[in-house]
Amino acid sequence: MLYRLNRSGFKAYLVGGAVRDLLLGKNPKDFDVATDARPGQIKKLFGNCFLIGRRFRLAHIRFRGGKIIEVATFRREPEESVEGESETETDRNNTFGTPGEDAFRRDITINALFYDIATFSIIDYVGGLEDLSRRKIRIIGDPSERYTEDPVRIWRVLRHAARLNFTIEDKTARAIETHRGLITNCSGSRLFEELNRDMSSGYALPFFRLSASYALLPIILGNIGMRIEQSDGMMDTLFGLLNILDGIIRKGEALSQDIFYSILFWPWVNEVLQEKGHKSGDRMKLLTDEFLASSMPITVPKGLRSNVIHTLYILERMMHAMQTGRMKWALTKRARYHEAATLFSLVEHGRIRHGEDSFAVSFRERFPTRNGIGTHRRKRRRGYRKGTHSQHTHG
Ligand code: ATP
Ligand code: MG
């Protein structure tokens, strides 16, 4: 495919993460190509080509087996900020450029290397090779300017440093401290996409550890992050769970977004419920209200948020049952019971047991004399008043 562009007289380089990963001896996740052919010209050359993208016109070339190679025309940094652009600005963002300009608009030096298939050589406009060998993450250009242009680059610096276990170059690091607040201005849905990438990368723990050391948790997670930052216990719980999560993902197991976000929010949910749960008749409402009041800049889609809260509410009741021997078994009929049981095994045993109700098994082991699902004695607590919902949460 690089050859076909070459034969037609175009430059075509392998770019971005793929070059970096190949040089590091890692398996690239995907292959991106940059070329001086315009999107229309790319389309003419490849029958299996689809032009996509609102912000930037890109060509997706599809191969058998579903593999997609993204081909983009060399660009330069647009003059305008990319946040909140309107449809008519698409053209302005589509500012084509030279290969050199394309390298300089990229985020960090090790992500701006080009591999030229025609000469089998690396083209390095930005000192990326040296940084690669010194294991350094360095912003291209002036970090303050580049972070101001696009604050997500702060997030990307931390991501790549964490994943590769590279050190962050001094200026690149210092400007994080002065500019990290800008992240809250980014679009919530874009931040959500970034968070998804780190939760599912197999390097969630190193990413969160590093982010915490740059005081980023209160910025990306609002008051939730603030609480985590201020509590060693919550931080330890979170890091422990992320470690388990990373292990599962690195073994190649796919987990749902529900599970990712339930893990992320569990230490906080548990804290809120221990603190205020007993006073609240409706724990799910309590959690939703607290979540919405957290001024987190990331937009967690409503459906996901409600699933996660539901799941964690059940999980908390399971943990409570393991302490007290009392469980409201009606919860087993709830939609999210299965996810809660999966999380229970993750939190309690550090792994996911498939094909069994891990909570029911553990509960019976600890309380062999209590009968399980559906056969428990209903116990009226003294002081139970008609019209309150206290029994709902304690049965
Ligand atoms: P991954 O292995 O996670 O895919 P990646 O480096 O390929 O890492 P992508 O998000 O796929 O990251 O982006 C592809 C390339 O686009 C990057 O290597 C980088 O050169 C460039 N890039 C991505 N985001 C930005 C940004 N915010 N600012 C400047 N350049 C960026
Ligand atoms: Mg990539």
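**Figure 1. Sequence separation of contacts in the chain of this predicted model.** Of the contacts that link residues at least 6 apart in sequence, 60% join residues at least 24 apart, where two residues are in contact if their C-beta atoms, placed from the backbone, lie within 7 Å. The secondary structure comes to 19 helices and nine strands, these being DSSP runs numbered from the N terminus (H or I of at least four residues for helices, E of at least two for strands). Buried residues account for 33% of the 395 residues in the chain; a residue is buried if 20 or more other C-beta atoms lie within 10 Å of its own, exposed if 12 or fewer, and partly exposed in between, with C-beta atoms placed from the backbone. Residues are numbered from 1 along each chain as its sequence is written, while chains are lettered from A and ligands numbered from 1 in the order in which they are written. Because the model is predicted, local features need pLDDT of at least 70 and side-chain atom pairs count only at pLDDT 80 or more, whereas totals for chains, interfaces and linings use all residues.

**Figure 2. Confidence along the chain.** The mean pLDDT, the predictor's confidence in each residue on a scale from 0 to 100, is 89 for the chain, and 89% of its residues reach 70 or more. Over residues 84-91 the pLDDT is below 50, and this stretch has five contacts in the model beyond near neighbours in sequence. Residues 374-395 also have pLDDT below 50, with 13 contacts in the model beyond near neighbours in sequence.

**Figure 3. The shell around ligand 1.** Ligand 1 is surrounded by Gly16, Gly17, Lys29, Asp32, Arg106, Asp107, Asn111, Ala112, Asp150, Val152, Arg153 and Arg156, a residue being near a molecule if its C-beta atom, placed from the backbone, lies within 6 Å of it. The shell divides into two nonpolar, three polar and seven charged residues, where Ala, Val, Leu, Ile, Met, Phe, Trp, Tyr, Cys and Pro count as nonpolar, Asp, Glu, Lys and Arg as charged, and the others, Gly among them, as polar. Helix α8 (residues 152-164) provides the largest share of this shell, namely three residues.

**Figure 4. The bend in helix α12 (residues 217-230).** Between its end C-alpha atoms, α12 spans only 10 Å, whereas a straight helix of 14 residues would span 20 Å at 1.5 Å a residue, the expected span being 1.5 Å times one less than the number of residues. The helix bends by about 115° at Asn223, taken as the angle between axes fitted to the seven residues ending there and the seven starting there. Its buried residues, including Leu217, Ile224 and Ile228, pack against α10 (188-199), α11 (204-213), α13 (232-250) and α14 (257-276).

**Figure 5. Positive phi at Ala215 and Ser295.** Most residues other than glycine have a negative phi. Ala215, in the loop between α11 and α12, nevertheless has a phi near 55°, and is partly exposed because 13 other C-beta atoms lie within 10 Å. In the loop between α15 (283-292) and α16 (302-324), Ser295 has a phi near 40° and counts as exposed, with 12 C-beta neighbours inside 10 Å.

**Figure 6. The surroundings of Val308 in helix α16.** Val308 is buried because 26 other C-beta atoms lie within 10 Å. Not counting residues up to four places away in sequence, Val308 touches Asp258, Tyr261, Ser262 and Phe265; Tyr261 is 47 residues from Val308 in sequence, yet the two are 6.6 Å apart in space, C-alpha to C-alpha.
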